[in-house]
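Notebook open, coffee poured. I want to look up how two chains meet and what sits on the surface.

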Amino acid sequence: MCAGCKPDSHHSQKTSAEPAYDDSFIESSIGDASYLNPVLASDSASSSINGLVFNGLIKYGPQIQLTGDLAEKWEVSKDGLTLQFYLKKNVLWHDGQPFTAADVQYTFERLIDPEVKTPYSSNYEKVKKFEVLDPATIRITYSEPFVPALESWGMGILPKHIFQGARGKEFNQHPANKKPIGTGPYIFKEWKTDEKIILEANPRYFEGKPHIARYVFRIIPDDAVEFMELRNKSIDTMVLTPDQYQAYPEFFEGYKKYRFPRAAYTYIGFNLTHPLFKEKRIREALAYAINKKELVAGVLLGMGISATGPFLPLSWAFDPEVKDFEFNLNRAKKILKEEGWTDSNQDGILDKEGKKFEFTLMTNQGNKMRSLTAEIIQDQLKKVGIKINIRIIEWSTFIKNFIDRRDFEAIILGWTLSPDPDIYTIWHSSQIKEGQYNFVSYDNPRVDMLLEAGRKTFNQKEREKIYKEVHRLIHEDIPYIFLYYPEFLPVVQERFVGPAVVPLSSFGFGWNFDRWFVPKNLVRYPVMAQE
Amino acid sequence: MKRYLLRRILLIIPMLFGISLLTFGVLHLSPGKPTDVVTDLNTKMTLEAKQKLMTLYGLDKPWHIQYFNWFWRMLKLDFGNSFKDDRAVLSKIGERLPATLLLNFLSLSLIFMLSLYIGAMAATKKNSFFDKFTTLFVYVGYAVPTFWIALLLMILLGLKCGLLPISGLRSLNYDELTGSEKALDILKHLILPVSVMALTGLAALTRYCRSSLLEVLHQDYIRTARAKGLPENKVLWKHAFRNALIPIITILGLMLPELIGGSFIFETIFAYPGMGRLGYEAILSRDYPLLMGIGTVAAFLTLLGNLIADLLYAFADPRIRYR
């Protein structure tokens, strides 16, 4: 599975020099951050910074398993209704104040504050009671058992004393949203709007002082210029596009390239209420007629893997036993024939009872990979006698007028995956109302039952079994044809020791950034010498 | 003159009102809402949570009420807070304006000096090699895509020769530099954007200047000036040039909003923190308050630019009198 996970270049990392508590790491981003406050921010730029400045009660470990972060440990009651967190003691905020349960309570109260502009309130709706038992113990009671709720306590915890009890609008506009104080490995130093954000290592970090002394977040809004800055060695890392990945080797002198699946997949979704796609056999024929290898080669220049289901291949929920539909034109043609679709008038397009096999495949504007996918599929299905009309629509019109209203025949879209495999909102038959996410109108009672159970089962082994079955069933029912997982293609300057590809990397390559270091003899931007 | 000025200034108010109403209308007609970035296909948000967010941004009210609320606050010079980060619109604009002014002032000055010189030389030596060469040169500058020439120069001067930084306004170690080093650092960062901007913006003004001067040079009073034996230098710069300037002043007035508007393409390529990027990103994220703020400031400056150009006419041409 992990054949493609190793770094491309095999430079020897072995240096005799010991790790330095020095040097800068320069990252770049297309956009600037918005709020340096994890409760309010939802963009990736802000999350990169917030992830280094703040800690949650828990976090994901390398194998996508939850482990303690600010919490030493936690307990789930037998009925699954109460969570009890035991907080780490002696954790200090960047300003030296001690971290306590009151901070967690304050953060929670803001998350459910109706006046706070947070996109995360839905995750905490099921909380019935929040109790601080003592400064290091918290008990949370839920109205029903809800496993994904655990994950929601990975939310960055805010310092109550800095916000001084601000609520509502005052909280939204608080100056600390621009000058954050957290508990994390890096301390906020400076933010020059649309230029850069600078963080410095936290000497009192509870997991030990990070080695890299300074973290610089540069805003470079143009991809081509970013690539040039990489070539110029003025940034230390970048996430490449497939064509950049295949640039001349001289572009990557001094860098190590990585490739592994990204936490996202692209699919064709069928409107299952449409007469053409009601019949599973028809969808099966389409699945046999689509050559995913050709798609990966054509759209992603080979930088991807074909998909078989709604989970990430590196995740524990993924069932490797699920066999993909092989590309087989004859089999597709045979099925279509059995279903009564023949080319009776010899025009190259199948027909049945005077109707042609023709449908509209929609996708959104501005995503070249999706429109390219649509074109290749159009060509592939032509070979079995199916005519596809492609319609590319501006994003918000596409969502509001077609997806939300279920006014489509087939679509190409993608989902980003979260570490927790709960996919109730996409596949449960109760989620078919306007604006909800089961827009293909998928309805399988067994899957419904499993998805409900998956939300209530805290036992990891059982949960694994549940989601593996979900994977198999959804694959067999073909409500989507799962096309591919694009790959994540980061490069990192080779003086950095520590970048590692693990299942969690799919959700962010810097998952263990606070453990990275530069050997003393390779330090490039000495920070300590100046001070 | 005073009455004229007063009337013109008072006229700005209804114009601003009309412009802002149109801007607001167009914004709300375009598909998508500011909250879409967060809510679209977000499986972790319930419908109620999405509705709540809309209410908090005041997007649940009909658009004319939203406009009225905005206008009422604007009268008190309160442009509201940006939807992106809840910071005051005016302070966001104020943060970007100096960088844009610096870049545009430098490049516009360069454009003016170069194009007046090239235009005048080309007009006096019409159809000469210099005329033909500069015509070709300014048109080539006008025709090449900005981003392409910018990237090529970055590769040549930044990557291959290592003479200039590739992008940005300041180096990362800017804060550790001394005063003169800081100035040098910014200067180095400005060379590429200013010259690319000048190169691509030279054409219009050069051609205006050339044709306007050519026209003046055919006038009777120029012949008179030459006939009475004035040296050619004096004929050109004192008699002809001053009259040829009048149409140029119009362009100067129209360039004032450009001075603060900034250019999205430029600022994106050079990672330059200016107004163009601010506006463009606000459009993409449907940041209504910020867009309305930028729109109003830009409209005001355009109107002011027109007024100043009109007043300068009178200054340059004694035949024009305002009453």
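Below are my entries on the interface, then on a surface patch.

Ground rules: this is a predicted model, where local features need pLDDT of at least 70, side-chain atom pairs count only at pLDDT 80 or more, and totals for chains, interfaces and linings use all residues. Residues are numbered from 1 along each chain as its sequence is written, chains are lettered from A and ligands numbered from 1 in the order in which they are written, and side-chain values use heavy atoms, leaving out hydrogens and water.

Entry 1, the interface. I looked up the contact (heavy atoms within 4.5 Å) and got 57 residues from chain A and 49 residues from chain B. The buried area (accessible area, 1.4 Å probe, that two parts lose on being put together, summed over both) is about 4,400 Å², with 52% from carbon and sulfur atoms. B:Leu41, B:Lys44 and B:Leu172 supply 16% of what chain B buries against chain A, more than any other three residues.

Entry 2, charges. I found eight salt bridges across the interface of chain B and chain A, counting a side-chain nitrogen of Lys or Arg within 4 Å of a carboxyl oxygen of Asp or Glu. In one salt bridge, B:Arg96 meets A:Asp194 at 2.1 Å, N to O.

Entry 3, the patch. I noted a nonpolar surface patch of B:Phe147, B:Trp148, B:Leu152, B:Ile155 and B:Ile265, together about 460 Å² of accessible area (Shrake-Rupley, 1.4 Å probe, only the protein chains shown as cover). Patch members need over 30% relative accessible area and no salt bridge, with nonpolar side chains (Val, Leu, Ile, Met, Phe, Trp, Tyr) joined within 5 Å and like charges within 9 Å. Helix α7 of chain B (a DSSP run of H or I, at least four residues, numbered from the N terminus) gives the most to the patch, four residues, and B:Trp148 lies in α7 of chain B.

Terms used: Helices (H or I, at least four residues) and strands (E, at least two) are DSSP runs, numbered from the N terminus.
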